[in-house]
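Welcome aboard! Keep your viewer and a distance tool at hand, and we will go from selection to selection together.

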Amino acid sequence: MILTVTLNPSIDISYPLDQFHLDTVNRVRKARKTAGGKGLNVTRVLSQAGQEVVATGFVGGILGDYLIHELDQAQIKNQFFKIKGETRNCIAILHEGNQTEILESGPYIDLDEAEGFLNHMGIIQKLYDVITLSGSLPKGLEADYYKKLIAMANTYHQKTVLDCSGIPLMTVLQSKEKPTVIKPNIEELEAIVRQKIVASPENLKAVLADDLFEGLEWIVVSLGADGAFAKHGDKYYQVKIPKITVKNPVGSGDSTVAGIAWALAEGDDDQTFLKKANTLGMLNAQEDLTGKVNMAHFDKLFKDIKVEEV
């Protein structure tokens with residue numbers, strides 16, 4: 001069983017427009033509203049892949065109730081923790097081949113709510129083998145909050161996948177409490193090591209050998225259309241992917257996290273682990289919707305991915 005954690009979920013609102021006009025009225029023929037957030041993209045993809053998954057995190061207010069309603073309608077199990085604040089909206093305006101986003105920062109989490117969620121996790125997390133932790137921290141949570149969640153999971157010998165960036169990620173990397181997997185893209189990796197990286201196997205091996213990454217079982221670096229590069233223990237892998245027609249790359253990283261969690265839950269070997277992760281990421285990129293995969297195409301893409309130890 002897999003538990004996904006989304007601490008700052010949202011109602012994602014998509015407004016498709018033929019043209020976007022500033023300082024006047026824009027009328028939308030058909031808006032789309034979905035339960036959003038990186039962790040919920042992971043949840044949806046795992047559900048579509050036929051995996052047992054439950055979503056948790058903070059929700060509040062009328063929008064929080066709507067988020068849970070949307071998940072219930074999609075038959076996605078959830079055990080969210082209610083807060084006093086209102087769950088945020090995130091708006092994407094799709095116009096003339098562009099995407100303009102307006103993102104609310106989200107509710108403030110007070111000390112009692114922060115402690116309450118840790119207690120909530122202490123009660124529910126024992127049922128799960130793998131826990132994914134995705135996205136930004138809402139206001140009020142200290143930078144070490146992910147570290148606290150990872151420490152709890154480590155106590156129960158659970159596997160964790162951390163997909164975040166910035167100070168929260170650095171706080172974890174500099175602590176003794178390590179997740180099982182991190183999944184930075186190349187820009188996030190550059191921010192971690194504070195240097196520009198040429199994405200050759202030799203350079204990536206040198207970067208991932210840094211003491212900062214000591215204690216991590218897996219590091220999977222997303223390279224976009226160039227596939228991925230990974231470190232597992234003392235082994236390094238280059239992942240080459242076939243060319244595909246990309247419709248919407250948004251959410252492909254979250255879909256990759258879903259594949260990683262699936263592989264961890266199944267105890268897959270290194271080749272299968274990396275192929276599952278990248279296959280789900282590519283399947284998402286082939287769809288118009290974020291956090292959507294067509295599993296009918298899984299086997300073919302899986303076979304076309306090449307994993308080489310370097």
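Start by selecting valine 193, which is found in helix α6 (residues 186–193); helices here are DSSP runs of H or I with at least four residues, strands are E runs of at least two, and both are numbered from the N terminus. Before going on, note that this is a predicted model, in which local features need pLDDT of at least 70 and side-chain atom pairs count only at pLDDT 80 or more, while totals for chains, interfaces and linings use all residues. Residues are numbered from 1 along each chain as its sequence is written, and side-chain values use heavy atoms, with hydrogens and water left out.

Is valine 193 buried or exposed? Valine 193 is buried, at a relative accessible area of 18% (buried means under 20%, exposed over 50%, partly exposed in between, with a 1.4 Å probe and protein chains only). Now add Val207 and Phe213: setting aside neighbours within four places in sequence, these are in contact with valine 193 (contact means heavy atoms within 4.5 Å). Between the C-alpha atoms of valine 193 and valine 207, 14 residues apart along the chain, your distance tool should give 7.7 Å.

Next, select helix α8 (residues 252–266) and helix α9 (residues 270–285). Their axes come within 7 Å and cross at roughly 150 degrees (axes are lines fitted to C-alpha atoms, for helices over the stretch in contact, and angles run from 0 to 180 degrees between N-to-C directions). That makes α8 roughly antiparallel to α9 (angles over 145 degrees count this way, under 35 as roughly parallel, 65 to 115 as roughly perpendicular and the rest as oblique). Show side chains: residues of α8 including Trp262 and Leu264 meet residues of α9 including Phe273 and Leu280. By class, this contact of α8 with α9 has 9 nonpolar, 6 polar and 2 charged residues.

Keep α8 and bring in helix α1 (residues 38–48). Here the axes are 8 Å apart, at an angle of about 55 degrees, which makes α1 oblique to α8. Lys38, Asn41, Val42, Val45 and Leu46 of α1 make the contact, with Asp254, Ser255, Val257, Ala258, Ala261 and Trp262 of α8.

For the last stop, pick the cysteines. How many disulfides does a search of the whole structure find? The search finds 0 (a disulfide is a pair of cysteine sulfur atoms within 2.5 Å). Cysteine 90 is in none, and the nearest cysteine sulfur, that of cysteine 164, is 17 Å away. Cysteine 90 is buried, with 8% relative accessible area, and cysteine 164 counts as buried at 8%.

Note on methods. Nonpolar A, V, L, I, M, F, W, Y, C, P; charged D, E, K, R; others polar.
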